[in-house]
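Hi there,

Here is the structure I promised to pass on to you. Please open it first, and then read my notes below.

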Amino acid sequence: MVLWQLNSEQDILAGIREGDEQMLKVLYRQNYSMVRKYVISNSGTLDDVNDVMQDVIIAFWKNASKRDFKLTAKISTYLMAIAKRNWLKKLNKNTRNQSHDFQNNDMGIMQDDKKINAMDAATFRTIMNEVGETCQQLLSLFYFDGMDNKSIAERLNFSNTDVVKAKKYQCLKKLKIIFEQKYNKEDFIN
Amino acid sequence: MESSKENIAKFDAYLNHQMNEEEKLFFESELLHNKALQEEFNFHNFITQSIANEKEDRFREILKSQQENSYIGNNTWGKKFTIAASIIMLLGLSALLISYLKDPDFAKTFAKKTKKTAQDTMVILKKDSAKIVVKENLNPAAEVTLSETENNLLPSPPTPESSAFEKRASAENNIEDIESIPFNETEISRKDKENILTEILIKTVKQEVIIIPKINLEQQKLVPKSTVDRDVSASDKKADNNLGSTKGDTQKIKAIKVISKSIIIEFFKTPLNYQGFNLAENNETLKIYGFEKNTAMVFIYENLHYVKIDNKLYSLLSNGIFSKPNLITNIEITKLFE
């Protein structure tokens, strides 16, 4: 899809649901100036703007990927609301010098920082590349995009959700085996 | 320990908040009491977190590349592009302005390039001038022949014209404002005038063109003539008489002026006070714009057309295009037309 083309809201949503990563750029282009204006006028810098933009668009992507997501306002309004909340939390965090990760709380994912040391993404990518393209897609759709099994079945042309479950199990098993062959999991998990 | 399918389903349900309170409490107590299950859960959590982080990191790279390269005005290249575009636009506008200042007729030539006729442009340029157009049809029966000498304007010879045109012709000598001319059947209606906005035609005359033969300027001088000769031999005779009255001249000076075909001259008053000429390609019509004096003499010398107005000589281009006055200042040449 041509980037400079004006994309309608429905085009963007459809693009995200089809996994078209160009939509990230479209969202960035269309909403940058608005978020920039807000963050800069609220004691932020250009670096802060870029951080907020990334967080906001990734959060929107995850939400829009879900089957039950319904857009009740303009995308720009939705993004702006996320950006405002995101930036205010960052400001509060800086003020109070708190260490909790607001973003992960936003996503509703429980995480115990004491037990898990996340692996460097670039390193983990090398392991992911070894499990095959279908497994990569399936696992990232489930664990990053938060898509349900039915949506994944439709996206990857699986006959039903049972196939998705079985395939997911196989892929995870394969991934864990490759990881354990290369790394010591105790180095990452206490 | 290898995770079972059921355990993985349970872990995912817990991590995605898909368990109810009872299931959640039961699972958490199971984790507390079963170390193997806890290890298995932690490893699963680590792997799934790493999967999510990997894709998020890829997305952030895409967005980062976007913020660095894509925004005009928000990055170095964008600023450079904006500045360059502004400079180009300024240069373009300056070039247009300079062209216009150098050549007041620039708009017309520009319009010609864009395949608009000059007259269309004139209409556009003067659309707001609220001038009324008076276009006079030349009545063949009312053709006027005028001859101009060095300083004197000879009156038009009487012609068998209509009474309306006779009245008009007598008024033409002093006319400055077309509104003072009474309307007659040769003029267009007032309704039509409001629809056509261009320069005002002051006067139309038909007169003869004088051909001047090529003369070697170094050896011969041309004797000034006070009238237009219709007869070559008479012209020679008069020239000789004038020569005789010129003291100190030893060379024989010949001036031969041959009356050629006639030309229609139209005098226009221009709202923007520009001056110029438009000689038709067939050399049969000459339009004169913006000159106060509404009399002119047309000459041909070495196949080129010249016009003399108010004792000043201008060269003409027979291309049917409006051109600025090109004043001839070379004394040797101007003497030929005296």
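Let's start inside chain A: the axes of helix α7 (residues 133-143) of chain A and helix α9 (residues 161-182) of chain A come within 10 Å and cross at roughly 105°. Axes here are lines fitted to C-alpha atoms, for helices over the stretch in contact, and angles run from 0 to 180 degrees between N-to-C directions. Helices are DSSP runs of H or I with at least four residues, numbered from the N terminus. The crossing makes α7(A) roughly perpendicular to α9(A), a label used for angles of 65 to 115 degrees. On the α7(A) side, the residues that meet α9(A) include A:L138, A:L139 and A:F142, and their partners in α9(A) include A:V164, A:C171 and A:L172; contact means heavy atoms within 4.5 Å. By class, this contact has 9 nonpolar, 1 polar and 2 charged residues (Ala, Val, Leu, Ile, Met, Phe, Trp, Tyr, Cys and Pro count as nonpolar, Asp, Glu, Lys and Arg as charged, and the others, Gly among them, as polar).

Before going on, a word on the source: this is a predicted model, where local features need pLDDT of at least 70 and side-chain atom pairs count only at pLDDT 80 or more, while totals for chains, interfaces and linings use all residues. Residues are numbered from 1 along each chain as its sequence is written, chains are lettered from A and ligands numbered from 1 in the order in which they are written, and side-chain values use heavy atoms, leaving out hydrogens and water.

Another helix pair in chain A is α1 (residues 9-17) and α3 (residues 46-65), packed at an angle of about 80° with axes 9 Å apart. That makes α1(A) roughly perpendicular to α3(A). A:L13, A:I16 and A:R17 of α1(A) make the contact with A:F60, A:W61, A:A64 and A:S65 of α3(A).

Now for the two chains together. In all, 48 residues of chain A are in contact with 39 residues of chain B. The chains bury about 4400 Å² between them, 63% of it on carbon and sulfur atoms (accessible area, 1.4 Å probe, lost on being put together and summed over both). How many salt bridges are there between chain A and chain B? The count is 7, a salt bridge being a side-chain nitrogen of Lys or Arg within 4 Å of a carboxyl oxygen of Asp or Glu.

Finally, confidence: chain B has a mean pLDDT of 68, on a scale from 0 to 100 for each residue.

Best wishes

Terms used. Helix = DSSP H or I, 4+ residues; strand = E, 2+ residues; numbered from the N terminus. Parallel < 35°, antiparallel > 145°, perpendicular 65-115°, else oblique. pLDDT = per-residue confidence, 0-100. Buried area = accessible area lost by both parts, 1.4 Å probe.
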